[in-house]
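Me: I have a new model open and would like to walk through it with you. Could we take it question by question?

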Amino acid sequence: MTFTFHNPPTAPPPAAAYSNLAEIDLGASRLLVLAGQVALDHDGLLVGGDDMRAQTRQVFDAIGALLADRGATFAHVVNIRTYLADMARLREYGEVRAAYLDGALPTSTTVEVSRLFRPGALLEVDITAVVPGTA
């Protein structure tokens, strides 16, 4: 088993000293483990203000870019973990998330946290995906 770390230029860069994506070669498939994504742009600025839908779109656009870099799509996602700063906004998040998953129902955990690492961030999402073959 081998693994590599990636920070593709198509997605916002990591906010600190870590990689955005780990790729683990399992032989017949690859496991992609994405670091938690918050609504940051390529300059590290928070996108969307207090708009949960805008922040969620930014997060899922970043996730989509990371997946695409490794030849994957949201159809390959097997698990999503979501950290919300306010569980009362779950419906707003869920409506946007559903549009990206297009009917797929991966395993999921959603929790409310007292705060995230970036002031003003309303959510953080990390995913795991399984992709057939090698990139």
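**A walk through the predicted chain**

Reply: Happy to! Let's begin with a loop residue: Asp-102 is exposed, with a relative accessible area of 68%. Please keep in mind that this is a predicted model.

Me: Thanks! Where is the place of Asp-102?

Reply: Asp-102 has a positive phi of about 50 degrees, although it is not a glycine. Its relative accessible area of 68% is over the 50% cut-off, so Asp-102 counts as exposed. As for its place, Asp-102 sits in the loop between helix 2 and strand 5 (107–112).

Me: Stepping back, in what order do the elements of the chain run from the N terminus on?

Reply: The chain has 2 helices and 6 strands to arrange. Starting at the N terminus, the order is β-β-β-α-β-α-β-β.

Me: What radius of gyration does the chain have, set against a compact globule?

Reply: The C-alpha trace spans about 40 × 30 × 20 Å along its principal axes. For 135 residues, a compact globule would have a radius of gyration near 14 Å, so the chain agrees with that expectation, at 14 Å.

Me: What percentage of the contacts between residues at least 6 apart in sequence join residues at least 24 apart?

Reply: As background, 42% of the 135 residues of the chain count as buried. Among contacts between residues at least 6 apart in sequence, the share joining residues at least 24 apart is 69%.

Me: How far apart do the centres of the positive and negative side chains lie?

Reply: On the surface side, the chain exposes about 6,800 Å², and carbon and sulfur atoms supply 57% of that area. For the charges, there are 10 positive and 15 negative side chains. The centres of these two sets are separated by 2 Å.

Me: On to the rings: is the pair of Phe-60 and Tyr-100 stacked, edge-to-face or tilted?

Reply: The structure holds 5 aromatic pairs. In the pair of Phe-60 and Tyr-100, the ring centres lie 5.4 Å apart and the planes meet at 35 degrees. Planes under 30 degrees apart would be stacked and those over 60 edge-to-face, so this pair is tilted.

Me: Which elements does this pair link?

Reply: Phe-60 is buried at 1% relative accessible area, whereas Tyr-100 is partly exposed at 21%. Ring pairs also join both of them with Phe-74 and Tyr-93 in a cluster. The two residues are 40 apart in the chain, and they link helix 1 (residues 52–69) with helix 2 (residues 90–101).

Me: How far apart in space are Ala-129 and Leu-67, C-alpha to C-alpha?

Reply: Ala-129 belongs to strand 6 (residues 123–132) and counts as buried at 0% relative accessibility. Leaving aside neighbours within four places in sequence, its contacts include Leu-67, along with Leu-31, Leu-32, His-76 and Val-77. Ala-129 and Leu-67 are 62 residues apart in sequence, yet their C-alpha separation is 8.3 Å.

Me: Arg-30 has a charged side chain. Is Arg-30 buried or exposed?

Reply: Arg-30 lies in strand 3 (residues 29–34) and is among the residues in contact with Ala-129. Its relative accessibility is 4%, and the cut-off for burial is under 20%, so Arg-30 counts as buried.

Me: Last one: what distance separates the C-alpha atoms of Arg-30 and Gln-55?

Reply: Along the chain, Arg-30 and Gln-55 are 25 residues apart. In space, their C-alpha atoms are separated by 29 Å.

Note on methods: Residues numbered from 1 in each chain as written. Predicted model: local features only at pLDDT ≥ 70, side-chain atom pairs only at ≥ 80, totals over all residues. Heavy atoms only, no water. Helix = DSSP H or I, 4+ residues; strand = E, 2+ residues; numbered from the N terminus. Rg over C-alpha atoms; globule rule 2.2 N^0.38 Å. Buried < 20%, exposed > 50% of the residue type's maximum accessible area, 1.4 Å probe, protein only. Contact = heavy atoms within 4.5 Å. Areas by Shrake-Rupley, 256 points an atom, 1.4 Å probe, with all protein chains shown as cover. Charge placed at Lys NZ, Arg CZ, Asp CG, Glu CD. Phe/Tyr/Trp six-rings, centres within 6.5 Å; stacked < 30°, edge-to-face > 60°.
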